[in-house]
Each structure stands twice: as C-alpha cells, then as structure tokens.
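Hi,

Here is the structure I said I would pass on. Have a look at it first, and my notes follow underneath.

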Amino acid sequence: MRSVLSATLMVVANIFVVPGASAQAQLTAPTTAGAKPKVVTTVPIRPAMQKPEETANAMAQAERLALQSDLAWVGQYNGAITGDVSERMVAAIKEFQKARGGKPTGVLNPQERGILADTAKRRQDSVGWKIVTDPGTGVRLGIPSKLTPQQTSDANGAKWTSSTGTIQIQLARRKEANPTTAKLAEREKKEPGRNIDYTVVKPDFFVLSGLQGLKKFYLRGTFRGDEVRILTILYDQATENTVEPVVIAMSSAFNAFPTGAQVAGPPPRKTVEYGTGIVVSDDGAIVTDRQVTDECLAVTIGGYGNADRIAEDKGHDLALLRIYGARGLKPLNLTGGASKTALDLTGISDPQSQGGGAAVSSVKATVAQIGGGNDVALSPPPALGFSGAAAIDADGKFAGIALLKPVLVAGPANATPAQATLVPADTVRDFLKANGVNASGGSSDAKASVVRVICVRK
C-alpha cells in the first residue's frame with residue numbers, strides 16, 4: 001500500500017518516445033570547380049526525441065486521465081490519477097506492453113490502447129464500479145457495488161460492506177472547531193488499533209494507510225469550514241490484489257464537497273489537427289469528421305494536396321471534402337450489410353501517437369446498436385487521428401464512420417459522455433446522396449480507401 005499512497009506526491013514530467021523513420025544525409029568530399037561531387041558516406045539522421053511538452057500537447061487532458069485510470073484498473077499503475085505525464089505513467093505503459101509480450105516503447109499503439117481499455121472496462125464491470133452521491137452528505141464517490149453490496153447510512157455518513165465483512169467502506173462527517181489537515185491527521189493516527197506506515201498531509205487533504213487490527217486500511221480526509229469529511233477503506237489482506245486497484249480509483253473519485261454540475265466546453269482546438277477521411281468517389285469526394293475540419297485555414301489530404309469542404313451535416317458531424325486532379329483514388333464500397341456489433345475501425349493515427357508516418361491500421365470496437373439513423377456509442381474509443389475512420393463489420397461490409405467526440409472535463413463524475421460514436425452507414429449514404437455523390441460502387445478494401453486529413457488553424 002505504500003506504493004499506492006506515495007503516488008499522491010510523485011507526479012513528475014517525462015518523455016513519451018514516438019519512433020519515426022530515419023532519413024539519409026549524404027556527405028561529399030571537396031571537389032575542384034566543375035568536377036562532379038563524389039559521395040563518400042551516408043549517415044542516417046534520426047528525428048529528435050519529443051520534448052515533454054510536445055508529448056503532453058499530443059494528448060488531451062481527458063485522454064491522459066482515461067489512460068491512467070485504465071492502467072490503474074489493470075494493476076500496472078499505482079499513481080495519482082491526475083492526467084499529468086509522469087515517469088510512473090510511462091513505466092506502467094511499458095509494464096503493460098511487456099506483460100502482453102510486446103515491445104516496451106512507452107507509447108501504446110491503437111491496438112494496445114484498445115486492449116487496455118477493454119481490459120479495464122471488464123475489471124470495472126467485475127466489481128460493479130459506479131459513481132454515487134451519498135444523499136446524507138452530498139459526497140460524490142466511487143463504489144465497487146458488487147464487492148460491497150450492503151449499505152447503511154444516516155445523517156453522519158454511510159457504510160458499504162461485503163457480505164462477510166472482509167471489505168468495508170466508511171464515509172464519515174463531523175463538526176470540528178478550527179480544523180487543519182495536520183491536526184486531523186494526528187487525531188486519526190491515534191485511533192485505537194491503527195499502525196500507520198504512510199502519511200501524506202497537504203493543505204487541502206490528508207492520507208493515511210497501514211494496518212488496523214488485522215485489516216489493511218486507506219484513509220483520505222478533508223474539510224471545509226468546520227465540516228470534516230473522511231473516507232476510510234478497510235480490507236482483509238487476502239483481498240489485496242482485488243481491492244488495491246479499486247482503492248486507487250476511489251481515492252481519485254472522492255469528492256467530499258462537490259459544487260454540482262459545472263459547465264465546461266471541449267478542450268481548445270489544436271493549431272494542427274489530424275483525422276481520417278474515406279474516399280467515396282473516383283473524382284475526389286471524401287467524407288470525414290466535420291469537427292476535425294471546422295474553422296480550418298487550410299485542409300490537406302495526405303499525399304494529394306489541398307481539399308475544399310463543400311458540404312456538412314451538423315446534426316451528425318459529417319463533412320464532405322473534394323480534391324481535384326487526383327489519380328488512382330480507390331473509393332470504398334459503402335453498400336451495407338446486416339447489422340453487426342463487432343467492428344474493425346480502419347484509419348490513420350495522429351503522427352504523435354504512432355510510428356510509421358501515415359500508416360493505415362485497424363482496431364477492434366463494438367457498438368450498442370446499429371441502424372435507425374441515430375449515432376450510437378462506440379467502445380473502446382480509437383486513437384487520436386481515427387476520427388472519420390471506416391467501420392467495417394465481420395462480413396467486410398461498411399457499417400459507418402467512427403467519430404471521436406470532445407470530452408467535457410467538468411461536471412458530474414458520473415455524467416461523462418461517450419468518447420466515440422458511430423454514424424451508421426445509412427446516415428452516411430443519405431448525406432452523400434443529398435450532396436450528389438453516388439457511392440454505390442467501389443472497393444471493399446478499406447485500407448486502400450482511407451486517407452489522412454490535416455486541418456491547419458490560426
């Protein structure tokens with residue numbers, strides 16, 4: 001437990017290394033005037049490692065929070081879930097990669113990120129993880145409802161326990177004159193039967209951990225005015241492997257004095273933003289994410305040049321682009337098949353998130369439902385750059401377009417919107433038909449039909 005608690009203090013900046021292709025620089029020997037230069041050697045020039053701030057800017061705060069949370073749930077990360085880039089976070093990514101037999105690069109490729117999210121979600125589901133608001137105190141906290149199904153509460157707090165009492169979660173409130181976190185921590189240390197092995201005291205909260213009788217315990221407390229609120233988690237040592245990832249999540253989710261729903265907009269748009277487009281006609285029509293191409297000074301299609309945005313559907317966040325004079329385009333066959341929930345998303349990651357430049361890749365995802373003209377939730381969300389990717393079902397048929405949605409970073413903890421949605425095939429076809437694009441023919445090879453979309457803003 002010492003390593004769990006030390007994370008509240010140890011969040012330090014570090015570097016994510018994204019591998020890239022090397023270039024060749026030719027060195028020539030001096031020659032006399034008019035003589036042909038002679039090449040004497042070639043030296044590979046490798047791109048510089050990314051600076052920490054460049055890496056941090058490559059991921060939105062909400063993405064880093066989700067990454068740390070998922071790593072914690074699979075037992076690789078025991079740090080504070082703050083969204084800050086840290087040595088601990090990079091090490092956790094490498095451990096996750098090594099555990100799967102992969103190369104420990106410290107940067108997850110789209111397939112690895114999808115597997116991580118899927119595994120974390122299964123762990124959350126297995127313990128019944130949910131965010132609740134205690135009606136007596138108004139405290140917002142995360143509870144493993146399957147591990148602690150029995151609940152009692154009164155005006156002074158609440159308690160959740162397992163059927164055998166091996167796991168207990170206690171939420172307490174009390175009044176205290178002129179409290180400080182230092183005084184509160186000292187008082188809690190003196191509770192009978194407690195053996196403290198770790199203490200953190202900050203101006204706005206304190207943390208204790210150790211043994212209480214034969215149980216391990218974790219305690220986090222804070223105050224506002226004369227009101228003190230404390231969360232205590234006790235669990236048998238035999239349950240440590242199951243409970244400790246939950247303890248990390250509970251510590252990060254604990255909001256002793258929530259201020260209610262706050263209005264928050266999406267993160268600021270990037271100066272350069274990358275997405276994926278699908279070629280839908282051999283004369284240069286491309287369908288993509290409207291938000292990726294919004295407010296751009298210029299839109300470029302990787303390998304083809306500038307594009308014009310000629311139509312949009314604000315209701316479904318679709319945009320229609322057109323490039324001129326391009327040859328060899330391979331439009332995708334958009335004929336849909338039967339509704340499926342298991343999909344392959346084919347797209348191109350943001351260059352900050354992958355090696356291999358503009359390499360096309362595919363990741364697995366599932367949806368709750370398909371059809372009916374309504375966008376549906378998509379899980380796990382694909383990597384940055386995949387917004388606009390082609391979704392292909394198990395029969396090789398076009399199922400729709402995957403869109404990444406900006407995530408609100410404020411508001412109720414249990415009201416986070418889906419990070420990705422699927423625009424169903426019927427909606428895409430209707431949009432194209434309304435704008436004079438006949439998408440009935442084409443190739444079934446999605447990898448040959450997707451392109452990188454680059455937006456440059458002010």
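**Helix H4 and what follows**

Gly101, just after H4, has a positive phi of about 80°. Bear in mind as you read that this is a predicted model.

H4 itself covers residues 87-99. With 13 residues at 1.5 Å a residue, H4 should span 18 Å, and its end C-alpha atoms are indeed 18 Å apart, so the two agree. Which residues of H4 are buried? They are Arg88, Met89, Val90, Ala92, Ile93, Phe96 and Gln97. As background, an α-helix has 3.6 residues a turn, so residues three or four places apart point the same way.

**The sheet**

Next, there is an open sheet of seven strands, in the order S5-S6-S7-S11-S10-S9-S8, and the pairing is antiparallel. At the edges sit S5 (150-154) and S8 (194-201), each of which pairs on one side only. From one strand to the next, the twist averages 15°.

If you zoom in on the S5 edge, S5 and S6 (residues 157-161) run antiparallel and are joined by five bridges. One pairing to look up there is Asp154, whose bridge partner in S6 is Gly157.

Helix H7 (residues 240-253) lies across S7 (167-175), S10 (215-224) and S11 (227-236). Relative to S11, H7 runs at about 165°.

**Ser361**

Is Ser361 buried or exposed? Its relative accessible area is 12%, under the 20% cut-off, so Ser361 counts as buried. Ser361 belongs to strand S18 (residues 361-367). Leaving out residues up to four places away in sequence, Ser361 touches Pro110, Gln111, Leu345, Thr346, Gly347 and Phe386.

Cheers

Note on methods. Residues are numbered from 1 along each chain as its sequence is written. This is a predicted model: local features need pLDDT of at least 70, side-chain atom pairs count only at pLDDT 80 or more; totals for chains, interfaces and linings use all residues. Side-chain values use heavy atoms; hydrogens and water are left out. Two strands pair if DSSP finds at least two bridges between them. Helices (H or I, at least four residues) and strands (E, at least two) are DSSP runs, numbered from the N terminus. Axes are lines fitted to C-alpha atoms, for helices over the stretch in contact, and angles run from 0 to 180 degrees between N-to-C directions. Contact means heavy atoms within 4.5 Å. Buried means under 20% relative accessible area, exposed over 50%, partly exposed in between (1.4 Å probe, protein chains only). The expected span of a helix is 1.5 Å times one less than its number of residues.
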